Structures are given as structure tokens and as C-alpha cells.
Amino acid sequence: MYRISQLAEKLGLSRTTLLYYEKLGLIKGQRLANGYRTYTERDVQRLTLLQNLQAGGLTLKECQACLDSKVERDMLVERLRLLDEEITHKQRARQLLAAMLGESSLTEWHQTLDQHAPEAHIDWLMKQGFDEKQAMRLKWLSKDMNTHDQYMADFMAVFNGLERWGPGSQADTLNALAQIPHTPHTILEIGCGRGIATQVLAAHTPATITATDNEEKALAALNDTLNAQGHGERITTVCANMADLPFAPESFDVIWSECSAYIMGVEAAFNAWRSLLQTDGILVLSDLVWREEAAQTLSESIDNDTRAFWQQEYPDMTTVAVRLAQAEAAGYRVIDHFALSDDAWLAYYGPFEARLEALQGELEGARAYADMQREIAAFHARHGAFDYQMFILQKR
Ligand SMILES: C[S@@+](CC[C@H](N)C(=O)[O-])C[C@H]1O[C@@H](n2cnc3c(N)ncnc32)[C@H](O)[C@@H]1O
């Protein structure tokens, strides 16, 4: 037998709550001759069951119905569904906290957040102490803030030894250049990397060229190359973010961007860069696209791993038709577009693969190394599923 104070202590409930339960008829105390209420083990068990039901999300009224064995099946099914949802939610929150403490990988969380709230993701990373450049690299490359520095060190160990940082070739650059209906005088190159295309533009146009990138080491390497080639005076390098370029409107008659616009989003680049072009100015950019036939039968024709790889690495990847529609909607006329040659793919992936092999001993086991190997595998398994497309557009 329990007195009300003992019952309250045993169950962690207040006296007032128990009196309220008594009023509702959930428990029934026996009054002793001296006026004290006493409760039995049965009351303890009813209350324990009630507490369990409450923890499952049932209201007091629903608990009472259950205790009095008028179980409402539909109500319980609904409560169970809500409870499962809450548990999943809490498990995700738990995984996030564990990952933030370095106990597991943050990759999936970064990717999910990036899909649903890309700007909040970048803002949040910047609050964690990453500058904009590193936040963007985290989004595109390392996808894990706990291992970001090591990832980037391994990644750059490979790329600092390569001249070309994306598919392209001198012939394809010249092919695009030949479509420009005027002689370029002021070219802005965006995402120039180590300047593989810059050098072609310098050698084949009389233009002054402003070559921009946000990787200082790449720009320093380009400056050395240009000085050695005697082009130093006509070409200026500027370290700048492609999403926030420090130039006055209508400063250039040509904008050139090979393999880089995807970083800020091709559609966003169409819109943002247009104001930097003079009237009738030309935008040349290249982008990875699904081949039309492949896009229509994405599920069947493309090797699963390849599809999964690009859907994860470049979720915004789309078809030529979609890019052309976006360009027109942004205020451009399409002059031409063409798929880069096989040589262009090999000019990038050939040296890239050779460099990975050369660094295998040093980098094997590193996450960056595994990701780069996956990219090479996706290239080999491409089977006509995607192209690198060059777009030549004129500002309307
Ligand atoms: C795939 S590489 C292409 C480089 C070069 N166009 C080529 O084909 O070798 C992309 C380039 O964009 C640069 N980049 C990345 N994020 C950038 C940003 N927010 N602003 C400017 N450049 C950026 C990288 O440093 C890199 O040089």
C-alpha cells in the first residue's frame, strides 16, 4: 500500500497530478479511517502504463481509453506513425551531432543540406570559420568539414601537377574563338585555373585579357608562364570570386569560361555575367551535359555507377536543350554550340590518370584519392551518356 506522497515519489509525479488523475478516475485511492488515501500496486502499474502511453504521444484522454481497454486501433496506428517519424528525426539529429564531433562522416548531411538549402549551407559553413572559397570547395569537393583541410591538401597535390583542370583542347578553344563575329578587344576569362585556355586566347587574339580565378597559386603559375611567353603586358590576373566579380558593367566584349561556370551554377552565371558584357558582347562557356537520348532513358542506358556519380557530384547537370533555353531566357542569342572532341576529354583525363597513378603510394587510402579514382572510372564508363558542350552566345 502506498500513501499519495510515496506514490508521487515512486513515479516521479507531483501530488497535484495524482489528485487530478484521481479526479479523472484514472486511479482510485482508498480512504483510511484517519482520512489518508492509500493506493495499491495495481494503481502503480496503471500509472506506469499511462506514463508509457503518454511517452508514445497519446493524450490523457486517449490513455484513459486504452487503460479502460477501449483500444482505438486507428488512433494507435496514427500515434505509431507519428512516433516513428519523431524517432527518425531524432536519429538524424543524433547522427549530425555525432558527425560534427568527428565520430562519423558528414558527407551525406552536407549533400542533403546543399540540395534543400544551398545558401543556408554556405552561410552556416562561413559561420563555422570557413571563408567563401573554402566553403565552396567544401560543397563541391571535400563534403566534410572535419576532414576538409586534409582532403584539399591531397586534392591539390594531384592538381598542382596538372596544367589542364578540366576537359578541353587548343583545337576546341580555337573552334569557339572562330565563331566570334568580331575581333575581341577586351576578354574576361573566368575560372582560368593555370591558364591553359588563356594562353591560346593570348596567342590568337590581340585582346587585353583579364584572367580571373580564386586560386592564387594557379594565377601565380599563369603569370610565370605568360611572362616567359612575352604576353605579360597584355594579360592581367585577378584573384576574384566568380559570383562577385569586381568589374564595372559593360567592361568586356568577350567573356570566356571553360569548365568553371558550374561552380556558381550555369544558369546563375548566364544571368550574373551578362551585365559585364558590352552590347552584342559574346559569352563562351563550356559545361558538362547529359546527351539528350541518355537523359530520356537515364534509368536504362547509363551505367548505374556513372549516373549515380554525376547525380551526386553535379546534381544540376542537364541537357543542351535546357541550357540553350536558359541562355535565351537570360538574354542571349545562340551563335553556336558543339560537343568537345574526344581529344579534349583525353587531354584532361590522360594526364590526370597518370598523375594519380604516380601519386598512388603517397595518397592511397585518402578520401580525395578515392573520389578522383571514381571520377576517372565514370569517364571510362561514359559510353556516350554525356558530353562537354561549348556554348557561344551573344548578348541581345
Ligand atoms: C575545373 S577548373 C577549370 C580551370 C580552367 N578553366 C581549365 O580548364 O583548366 C575550375 C576553376 O575554377 C576555379 N574556381 C573555383 N571556384 C571559384 C570561384 N568561386 N571563383 C572563381 N574561380 C573559382 C578553380 O580554382 C579552378 O581553377
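This report walks through the domains, the small sheet and one helix pair of a predicted model.

## Ground rules

Since the model is predicted, local features need pLDDT of at least 70 and side-chain atom pairs count only at pLDDT 80 or more, while totals for chains, interfaces and linings use all residues. Numbering starts from 1 along each chain as its sequence is written, and side-chain values use heavy atoms, with hydrogens and water left out.

## Domains

The domain assignment (automatic or from a database) splits the protein chain into domain 1 (2–67), domain 2 (117–146) and domain 3 (170–395). Domains 2 and 3 have C-alpha centres 22 Å apart. Their contact (heavy atoms within 4.5 Å) draws 9 residues from domain 2 and 10 residues from domain 3.

## The sheet

Here we have 3 strands (DSSP E runs of at least two residues) in an open, antiparallel sheet, ordered 1-3-2. Strand 1 (2–3) and strand 2 (30–31) sit at the edges with a single partner strand each, so one side of each has no neighbour in the sheet.

Strand 1 and strand 3 (residues 37–39) run antiparallel and are joined by 2 bridges; pairing takes at least two DSSP bridges. Y2 has Y39 as its bridge partner in strand 3.

## Helices 18 and 20

Helix 18 (residues 342–358) packs against helix 20 (residues 367–380) at about 140°, with the axes 11 Å apart. Helices are DSSP H or I runs of at least four residues, and axes are lines fitted to C-alpha atoms over the stretch in contact, with angles from 0 to 180 degrees between N-to-C directions.

Residues that meet here include W345 and F352 from helix 18, and Y369 and F379 from helix 20.
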